[in-house]
Amino acid sequence: MKLDIGGEETIQATVEQLWSALNDPLVLTRCIPGCKAMTEIAPDNYKVEMQLRVAAVGGSFEGEISLFDKARPKACSIKVSGAGTLGHGNGSANFEIIPEGPNVCRLKFQGGGEIGGLVAGVGQRILTSVSKHLVGKFFTTLRKEFDNPVAGAA
């Protein structure tokens with residue numbers, strides 16, 4: 001089953017602050033919904049452990065995230081793959097940071113992937129809704145990183 005995501009979000013941060021946050025595994029672990037651990041296995045390559053719930057189906061997921069085609073501090077591409085009790089999936093995305101003013105950026109993102117296994121059984125409409133919800137949670141938590149910085153934050 002194919003799944004596409006995309007959009008843009010306004011973030012109250014400088015380009016450098018946002019770039020740093022999006023490249024910091026500690027920040028990403030706190031922001032990615034269900035992420036339990038993100039461990040560097042090579043430069044710009046991370047092992048990810050997650051616990052997710054999709055509709056009435058919940059389970060664990062292990063995978064890898066790779067960052068590539070970096071154009072600091074403006075753009076980056078991301079590749080994701082993994083499997084777990086919910087099924088399997090892979091995908092890629094691109095993001096671009098656009099300055100909007102002092103301490104304000106717009107983050108544009110576009111991506112897609114394929115999902116299979118048990119989680120694909122909930123249907124395209126539900127998965128699209130869940131993915132939008134998870135992306136929304138990511139950005140809500142990311143914004144809080146700049147409101148209430150903690151150790152390892154941007």
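## A first look at E114

Is E114 buried, exposed or partly exposed? With a relative accessibility of 42%, E114 falls in the partly exposed class, because that class covers the range from 20% to 50%. Please keep in mind as you read on that this is a predicted model.

E114 also has a charged partner: its side chain forms a salt bridge with that of K2, with an N to O distance of 3.2 Å. K2 belongs to strand β1 and E114 to strand β7, so this contact ties together parts that lie 112 residues apart in sequence. The lysine itself is exposed, at 57% relative accessible area.

## Strands β1, β6 and β7

The two strands that carry this pair are also joined through their backbones. Strand β1, residues 2-11, pairs with strand β7, residues 104-116, in the antiparallel sense, and 10 bridges connect them. Within this pairing, L3 is found opposite G113 of β7.

Strand β7 has another antiparallel partner in β6, which spans residues 87-101, and here there are 13 bridges. One pair to look up in your viewer is F95, whose bridge partner in β7 is F109. The hairpin of β6 and β7 has two residues between the strands, and N103 in this hairpin takes a positive phi near 60 degrees.

## Salt bridges

Side chains with opposite charges can pair when their charged atoms come close. Eight salt bridges are present in the structure, and the K2 and E114 contact is one that has already been described.

Another salt bridge brings together the side chains of R106 and E8, at 3.4 Å from N to O. R106 sits in strand β7 and E8 in strand β1, so the pair links parts separated by 98 residues in sequence. E8 is partly exposed, with a relative accessible area of 45%. Both residues also belong to a network of salt bridges that links E8, E100 and R106.

D44 and K70 form a salt bridge too, and their closest N and O atoms are 2.8 Å apart. Here D44 comes from the loop between β2 (35-42) and β3 (45-54), while K70 comes from strand β4 (residues 57-71), so the contact ties together parts that are 26 residues apart in sequence. Both ends are partly exposed: D44 has a relative accessible area of 23%, and K70 has one of 35%.

## Helix α1

Which residues of helix α1 are buried? In this helix, made of residues 15-22, the buried ones are V15, L18, W19, A21 and L22. Viewed down the axis of α1, these buried residues fall within an arc of 165 degrees, so they line one face of the helix. The general geometry is a handy reminder here: an α-helix has 3.6 residues a turn, so residues three or four places apart point the same way.

## Backbone details worth a check

Most residues other than glycine have a negative phi, and most peptide bonds are trans. With that in mind, a few places in the backbone deserve a look. D44, which is not a glycine, has a positive phi of about 65 degrees, and its place is in the loop between β2 and β3.

N103 is also a residue other than glycine with a positive phi, near 60 degrees. N103 lies in the loop between β6 and β7 and is partly exposed, at 46% relative accessibility. Finally, the peptide bond joining R72 and P73 is cis, with an omega of about -5 degrees; P73 is located in the loop between β4 and β5 (75-84).

How values were computed. Residues are numbered from 1 along each chain as its sequence is written. This is a predicted model: local features need pLDDT of at least 70, side-chain atom pairs count only at pLDDT 80 or more; totals for chains, interfaces and linings use all residues. Side-chain values use heavy atoms; hydrogens and water are left out. Two strands pair if DSSP finds at least two bridges between them. Helices (H or I, at least four residues) and strands (E, at least two) are DSSP runs, numbered from the N terminus. A salt bridge is a side-chain nitrogen of Lys or Arg within 4 Å of a carboxyl oxygen of Asp or Glu. Buried means under 20% relative accessible area, exposed over 50%, partly exposed in between (1.4 Å probe, protein chains only). The arc is that of the directions from the helix axis to the C-beta atoms.
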